Amino acid sequence: MLEGFLIGLSAAISPFNLAMVVGGCLIGTFIGMLPGLGPMSIIAIMIPVAITLGDPTAALILLAGVYYGAIFGGSTSSILLNAPGVAGTVATSFDGYPMARRGQAGKALTIAAIASFAGGTLGAVLLMIFAPALSTVALLFHSAEYFALMVVGLSAIAAFAGTGQVAKALMMTILGLVLATVGEGALFNMPRFTMGLMDLQSGISFITLAMAMFALPEALFLVMNPARGAATQSGGSKITNLRITRDEAKAIAPVIGRQSVQGFFIGVLPGAGATIASFLGYAVERNIAKGAEQEEFGKGSVKGLAAPETANNAACTGSFVPLLTLGIPGSGTTAILLGALIALNVTPGPRLMTDEPQVFWAVIISMYIGNLILLILNLPLIPYIAKILAIPRNYLIPFILFFTLMGAYIGQNNATELLILVGLGVLATILRFADYPLAPLLIGFILGTMLEDNFARSMQLYRGLDFILERPMTLALLVLAALLVLLPSYRSRRARKRAEGVADGD
Amino acid sequence: MALDRWIALVFIAFCCVYGYAAFFTMDQLLPPFMQRNPVWPSTFPKILAVLGVIVGLIVLFGLEQPAEAKEKSATDINIANLREYKLGQAGLLLLAMVLYALALRPFGFLLATTLFLTGGALVLGERKLHILIPVALIAAGAVWYLVEEVLGIFLRPLPGFL
């Protein structure tokens with residue numbers, strides 16, 4: 001491990017890669033603050049830039065920096081304006097915004113920065129311990145297990161979508177898988193479902209899909225409902241006095257310790273991720289706080305601010321575990337990162353550590369550096385960066401739309417791609433109106449090719465579906481996937497029957 | 001019928017078309033040597049089509065117990081407020097995006113982008129053209145410079161006839 005650590009250190013510490021971390025964190029913070037552009041959209045916009053770099057290490061470092069920066073920027077707008085730019089920082093606004101209104105905006109930002117730093121750093125330590133162990137196990141996996149593992153991942157993402165939403169999330173996953181079958185796959189060398197259109201020959205570009213699913217609907221909602229971005233008009237509170245007291249530091253230290261570990265493991269689970277980690281972290285800390293401290297939650301408690309901030313950053317780090325060790329993304333953001341890696345000719349998975357250790361370790365080292373930069377560089381700059389929140393929305397929205405278009409255009413250099421983007425964007429907006437979750441669609445789309453690939457390979461090896469029965473691990477994983485999907489509805493059904501006083505006869 | 005069920009219905013229809021293509025149109029084209037394979041290009045799509053119809057039916061008939069309705073805040077997306085939403089502006093911006101896609105080649109990047117940014121802001125109600133146009137011009141120029149010179153991706157800057 002030490003050897004790998006040193007390889008990573010030497011790769012990450014090169015001036016160029018350091019510049020990438022700094023640049024990524026700054027860009028991420030800037031854009032993450034804007035309402036309407038979450039980490040997924042920002043990373044999607046940055047992908048063409050990362051691909052042009054050519055070096056996968058530098059590209060991944062840049063994108064990871066952007067990811068951290070975006071989460072940090074999201075916390076800033078949650079605290080200052082009660083307008084979270086990112087779903088993962090909604091819980092931050094519960095206590096961060098009341099603090100800002102009391103005139104403690106500076107203090108709230110400092111706590112958020114320290115909590116993020118600690119969460120991210122402890123998360124990176126855990127990642128360093130667990131990822132190598134997991135990838136040793138993963139090396140034993142065959143295509144049958146990979147197929148089953150991806151099915152588990154997709155089911156978990158649907159299962160975490162919430163009660164009453166599992167079927168909808170599954171529907172979106174299947175739609176994503178269907179979209180992935182369009183075009184000429186490497187597997188069969190024949191075009192499928194292109195309807196004779198040349199533009200569909202190479203399939204749908206995942207950047208276009210990511211933009212259409214996340215950036216475009218969010219921008220359209222900002223247009224349709226001015227209340228959503230209204231906070232941008234007010235300019236925000238004054239940021240003064242960034243210092244925290246010794247007592248406050250003592251109060252948040254145990255919270256940070258607990259939430260780093262909890263957040264990390266939630267982040268590792270597919271489908272859970274920063275949003276769930278932050279809400280759960282907030283709820284847990286509120287429950288274990290005593291008396292007056294519990295009363296304080298929601299009214300500007302330092303613990304209530306530190307908990308979600310630590311948890312969401314630790315979860316971001318945790319979500320890299322399945323990506324780097326199994327090559328299976330657990331969240332929309334890591335799915336986009338996976339797409340970027342594939343475009344750069346790096347296949348994440350258990351072999352990544354042995355084949356390209358410099359990529360693996362440089363990413364981990366850059367996580368430490370990125371967290372440090374967010375703490376020492378961004379914090380003093382925040383009062384100035386926050387000025388971006390004062391940009392009038394008449395200017396902001398056309399620019400968001402323009403960057404969305406550019407993101408799709410630069411990658412393909414094809415104007416038809418823009419028409420596909422607008423079409424899919426309208427579709428995504430309608431789906432959002434009907435409460436369909438869109439992250440499963442994107443993850444299904446990105447995993448679709450790999451899923452079919454591994455399925456076909458196991459079918460060929462075992463001349464049929466026998467692989468399910470002959471490999472116990474595969475069977476166990478598939479059963480797990482089925483349980484994940486069925487359990488939520490079974491439990492709610494039971495609860496309902498019990499509420500009605502009907503025996504359910506089991 | 002609520003919008004999500006309409007979508008499920010459309011999705012089922014889509015899966016049927018997709019399934020029809022997978023079940024009945026793909027296999028004749030298969031060369032004989034590939035027919036001996038246990039997996040065909042149509043295998044996976046067939047499975048997806050069947051699963052899609054099943055899941056679509058579950059959503060359509062509401063077989064899954066819906067969650068208790070959450071209180072939606074003013075900033076949440078809510079179909080009930082659709083009439084209050086500025087659909088006209090959103091539609092015009094979408095139209096502007098389509099026009100931009102069509103204009104990008106013949107008009108060149110700089111002109112098309114400037115027009116798009118100016119037009120977008122005008123749709124949203126901006127009237128200070130003396131600020132807006134210079135901002136749009138500078139932004140278009142800066143992005144062009146970054147993409148072309150720094151990233152090395154070719155973008156035709158000027159109209160085709162120049």
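**Figure 1. Chain B is built from helices in the order α-α-α-α-α-α, read from the N terminus.** Welcome to this predicted model; let's start with the fold of chain B. Its count comes to 6 helices and 0 strands. Of the 162 residues in chain B, 27% count as buried. If you like contact maps, look at pairs in chain B that are at least 6 apart in sequence: 62% of those contacts join residues at least 24 apart.

**Figure 2. Chain B meets chain A through 55 of its own residues, which contact 60 residues of chain A.** Five helices of chain B each supply at least two residues to this side: H1 (3-25), H3 (43-60), H4 (87-107), H5 (109-123) and H6 (129-150). Helix H4(B) gives the largest share, with 11 residues. What is the make-up of the side of chain B that touches chain A, in nonpolar, polar and charged residues? There are 40 nonpolar residues, alongside 10 polar and 5 charged.

**Figure 3. Chain A has a mean pLDDT of 81.** In this chain, 92% of the residues reach 70 or more. Confidence in chain A is highest in helix H7 (residues 166-180), at a mean of 91, and lowest in helix H10 (residues 231-234), at 44.

**Figure 4. Here is the stretch of chain A, residues 231-236, where pLDDT stays under 50.** The model has 14 contacts beyond four places in sequence for this stretch. A friendly word of caution belongs with this view: predicted coordinates should not be read in detail where pLDDT is low.

Notes:
Residues numbered from 1 in each chain as written. Chains lettered and ligands numbered in written order. Predicted model: local features only at pLDDT ≥ 70, side-chain atom pairs only at ≥ 80, totals over all residues. Contact = placed C-beta atoms within 7 Å. Helix = DSSP H or I, 4+ residues; strand = E, 2+ residues; numbered from the N terminus. Nonpolar A, V, L, I, M, F, W, Y, C, P; charged D, E, K, R; others polar. Buried ≥ 20, exposed ≤ 12 C-beta atoms within 10 Å, placed from the backbone. pLDDT = per-residue confidence, 0-100.
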